[in-house]
Amino acid sequence: MKSSSSDRRSGIPNLNLNQSSASSPAIAARAGSARPSIPSRPAASRPSAEPRTPAVDARRPPEALARPGASDRPTVPGGGRRHYAAIEGLRAIAAGAILLHHFLLAHPLSTALLPYTHHLEFGVPVFFVISGFVLYRPWVGVGLATIDAGALLRYGRRRVARIVPAFWVALTLAAAGGLSEGRTGAHPLTYYGFLQVYSIHTAFNGLGVAWSLGTELTFYAVLPLLAIGAIRIGGKRSLAVAAILVIATLGVRYLSFSENLPALAFTLAGTLDWFVIGMGLATVAVRRPQWIARVNPAGALAAGVGLLLAMGALRLPWGVIAYNANPTAGGSITAHLFYGAIGLMFVLAATSAEQRRSGIVPRLLRNRAAIWLGTVSYGIYLWHVPVIGAVTSIVGRGWLPSNAGVQLVAVALGTTLVASLSWVLLERPIVRSRLVRGARVPSPATAPA
């Protein structure tokens, strides 16, 4: 998916944001801004327990500790690229959870575990929160003077390039191989146009997981309006508007039950609050980075896991929009709120882990394997259901043992292989092409004053 959990560089000058390369997280000093040196304490006398927060230029958002190799770096029109290694690791966890969720629907474990395994779909709201965080963060602190029509067009071009080509190829090949759901060819505009989310009769056809892509693309289109609105409103009034958007989202979800409009809950109108949570966290990460630095990533991650287990213990409905198990509107909304809180805790853990060089969570999210799986997580999301179908077909022909564990390994390896090929042969060349990225311009941090 994600989106969430991008891959772009600015093409517009006259911007007060730092534009760094993917491999250079530090903020460069401007010419003529040298400061008098201050004697420092000996290294041995400096406290080492406290996490360090990078220095912040008052004119630009702070840089997080970063690593090169991102698959999905955010870009505000005219903004710099930023990479969050821990976010990549979190994408890997989210994609893996969704893969396991769909596999266990076909190969369920004991009945007692079903209420817990059903909620492995938490990866979807995590992806939505990631998208809100990563894509909105570069907008925080931007002035309206730095945004023009050309920059907005570049933003849109990069978002489309990141999502559309890989999806079209996956859908076409899955349909050709008989691994898609429904009659994809009978309604090409619906499926290739990301419109399947708007009808309950098509939402899970084609590539069933693609309903969320329609929601993501709608968010990409709305984000500049939300960001510009936040810039104009500013301050505490933006917080009030965010609260209104969350309440409105819950109202839409209630309406989808009361008026028997289930597809409405799949759309951005029924999931906007998850994106808003990410946007709020992005605002805190820029304006109050010390608050993020104080968060214990292990504690935040444990809180997210605890909420996930509580959903199982409470037998809350599942199905992302929580329509399964014939729930009431209240039960569905409760599950939705739980998912939003889980997304917040997981993304908060990753954001805090980004500022730490040691600890269990930073090592978990920022190791090479996790970063690679996060890099190809969009391909994992697109391809895991067709691969599950292919493995099931192979088992049916007697070419693979029927043991569920063997099948899970085959699905995981097969999906990762196809996703890696998709990234190397299709996605990366497109997002790194000059047509998509545009011409490079001097960074404000290094351009003449």
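Visitor: Over residues 1–81, under what value does the pLDDT stay?
Guide: This is a predicted model, and its confidence varies along the chain, with 77% of the residues scoring at least 70. Residues 1–81 have 210 contacts beyond four places in sequence in the model. Where pLDDT is low, the predicted coordinates should not be read in detail. For residues 1–81, the pLDDT stays under 50.

Visitor: Which other stretch has a pLDDT below 50?
Guide: The chain averages a pLDDT of 80. A further stretch has 24 contacts in the model beyond near neighbours in sequence, and its pLDDT is below 50. That stretch is residues 439–449.

Visitor: How many helices and how many strands does the chain have?
Guide: The chain has 449 residues, of which 50% count as buried. Its exposed area is about 19,800 Å², with carbon and sulfur atoms supplying 65%. The count of secondary structure elements is 16 helices and zero strands.

Visitor: Which element gives the largest share of the lining of the largest pocket?
Guide: The largest pocket holds about 900 Å³ of space. Elements giving two or more residues to its lining are α6 (211–233), α7 (235–258), α8 (268–287) and α11 (329–353). Among the 34 lining residues, G235, S238, L239, G280 and T283 lie nearest the centre. The largest share, nine residues, comes from α7.

Visitor: What class of residue lines the largest pocket, and with what counts?
Guide: The lining comprises 34 residues. Seven of them are polar and three are charged. The remaining class is nonpolar, with 24 residues.

How values were computed:
Residues numbered from 1 in each chain as written. Predicted model: local features only at pLDDT ≥ 70, side-chain atom pairs only at ≥ 80, totals over all residues. Heavy atoms only, no water. Helix = DSSP H or I, 4+ residues; strand = E, 2+ residues; numbered from the N terminus. Buried < 20%, exposed > 50% of the residue type's maximum accessible area, 1.4 Å probe, protein only. Areas by Shrake-Rupley, 256 points an atom, 1.4 Å probe, with all protein chains shown as cover. 1 Å grid on protein atoms, 1.4 Å probe; cavity = no way out; pocket = protein on both sides within 12 Å on 5 of 7 lines; lining within 4 Å. Points joined across faces, edges and corners; volume = space filled by probe spheres on them. Nonpolar A, V, L, I, M, F, W, Y, C, P; charged D, E, K, R; others polar. pLDDT = per-residue confidence, 0-100. Contact = heavy atoms within 4.5 Å.
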